[in-house]
Each structure stands twice: as C-alpha cells, then as structure tokens.
Amino acid sequence: MIFSCLVFISLYSLTFSEQMERFAKATKLEEEYIQYATEERAKRSNYGRAQKKLNQRLMIDKELRDQRVRDHTARMKKEVLSDPYRRMINKFVEVFDSNLSKFMTQLLEDSRIQNHSHLTNLCTRLDYNGFVTRSMNERKYNF
C-alpha cells in the first residue's frame, strides 16, 4: 500500500509537470520571451561606438523592453487566472493532497504497528516541521 501510494504520487507529479509544459507551449509565452531576448541581444551587438547615440538607443530599448515585460506579465496573469487553468490546478492539488495524505497515514500506521524505527524516522523527516500533518488536518483528510 505504501509503495503504490508513493508510485502514484511520483507519476502524478510527472503528469503535472508534463501538463505545465503543455500549458507553456500552448500559450507560447516562453517562446515569445526567448524571441524578444534574442532580438535584444542582436540589437545591442549592432550598436555603434558613438556614446550619445548609444545612450539614446539604450534608453529607448529599455522603455520598449519594460513595455514588453508589462505586456508579457499581463498576458501571463490572464492565462493563470483563467477558469480552465484554475480548474486544472485545483484538481491536481486535490488529487495530490489526497494521495499524500493516504501515503503519510499508511506510513504512520505501519511505523506504529510494526514499531520500525526507520519508518518512524522517515515520517519525522518527511514532516519534520509538522507542515504536512497540519495542512492535511486543515483540509480534513484522514490523517
């Protein structure tokens, strides 16, 4: 039971990672950022030596870059605050927390029943500051 919970948590974490990668590809936010950065480097490498013109170009580029960052941030916020994204994240949190709770519950039970010091030590290390047990109690899982 412990092993199956741990395998599920690992696979579910991998699935979440893949889902986030798909989200990034679908929104093309990362590609946009990389494209802008490449363009900026190319522009800077083409600037001449005249200090006054260089300073003017750098100021204009900084303003343009700041605007692109604001636009990029606004777009990212819009995507992250969208209903499909929120539902996806909430579902992942719910399933992950539930399975983490099962795993920790089973681990604690096995450590008490079998009186294995290594299992007790593992429980302590996984929940060294009590965060997991507190959050599971707050979410009212069987912990």
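Analyst: Before we talk about charge, a convention: Lys and Arg count as positive and Asp and Glu as negative, while His and the chain ends are not counted. Keep in mind, too, that this is a predicted model.

User: With that convention, how many positive and negative side chains does the chain have, and how far apart do the centres of the two sets lie?

Analyst: There are 26 positive and 19 negative side chains in the chain. The centres of these two sets lie 6 Å apart.

User: Thanks! Now the fold itself: how many helices and strands does the chain have?

Analyst: Six helices and zero strands. Read from the N terminus, the order of elements is α-α-α-α-α-α. The radius of gyration is 24 Å, well over the 15 Å given by the globule rule for 143 residues, so the chain is more spread out than a compact globule.

User: What does the C-alpha trace span along its principal axes?

Analyst: About 80 × 35 × 25 Å. For the surface, the accessible area of the chain is about 10,800 Å², and carbon and sulfur atoms account for 57% of that. Of the 143 residues, 24% count as buried.

User: And what share of the contacts join residues at least 24 apart in sequence?

Analyst: Taking contacts between residues at least 6 apart in sequence, 66% join residues at least 24 apart.

User: Could we look at individual examples? Where is Phe92 found, and is Phe92 buried or exposed?

Analyst: Phe92 lies in helix H4. The cut-off for buried is under 20% relative accessible area. Phe92 has 11%, so it is buried. Beyond four places in sequence, Phe92 touches Tyr12, Thr15, Phe16 and Gln19. Phe16 is 76 residues away from Phe92 in sequence, yet their C-alpha atoms are 7.2 Å apart in space.

User: How does Met20 read by the accessibility test, and which residues is Met20 in contact with?

Analyst: Met20 is in helix H1, residues 2-27. Its relative accessibility is 21%, which is why Met20 counts as partly exposed. Setting aside neighbours within four places in sequence, its contacts are Tyr85, Met88 and Ile89. The C-alpha atoms of Met20 and Met88 are separated by 9.8 Å, with their positions 68 residues apart along the chain.

User: Polar side chains interest me too. Why do Gln106 and Asp110 count as buried?

Analyst: Apply the cut-off again. Gln106 has 18% relative accessibility, so it counts as buried, and Asp110, with a relative accessible area of 17%, is buried as well. Gln106 has its place in helix H4, and Asp110 is found in H4 too. Outside the four-place window in sequence, Gln106 is in contact with Met1 and Ile2. For Asp110, the corresponding contacts are Ile2, Asn115 and Leu119.

User: One more pattern, please. Which residues of helix H6 are buried, and why do they lie on the same side?

Analyst: The general idea is helix geometry: an α-helix has 3.6 residues a turn, so residues three or four places apart point the same way. In H6, which runs over residues 131-138, the buried residues are Val132, Ser135 and Met136. Because they cover an arc of only 100° around the axis, they sit on the same side of H6.

User: What covers the buried residues of H6?

Analyst: The cover includes helix H4 (83-114) and helix H5 (117-126). Try finding that side of H6 in the 3D view, then look at these helices.

Notes:
Residues are numbered from 1 along each chain as its sequence is written. This is a predicted model: local features need pLDDT of at least 70, side-chain atom pairs count only at pLDDT 80 or more; totals for chains, interfaces and linings use all residues. Side-chain values use heavy atoms; hydrogens and water are left out. Buried means under 20% relative accessible area, exposed over 50%, partly exposed in between (1.4 Å probe, protein chains only). Helices (H or I, at least four residues) and strands (E, at least two) are DSSP runs, numbered from the N terminus. The arc is that of the directions from the helix axis to the C-beta atoms. Contact means heavy atoms within 4.5 Å. The radius of gyration is taken over C-alpha atoms; the globule rule is 2.2 Å times the number of residues to the power 0.38. Accessible areas come from the Shrake-Rupley method with a 1.4 Å probe; for residues, only the protein chains shown count as cover. The place of a charge is taken as NZ of Lys, CZ of Arg, CG of Asp or CD of Glu.
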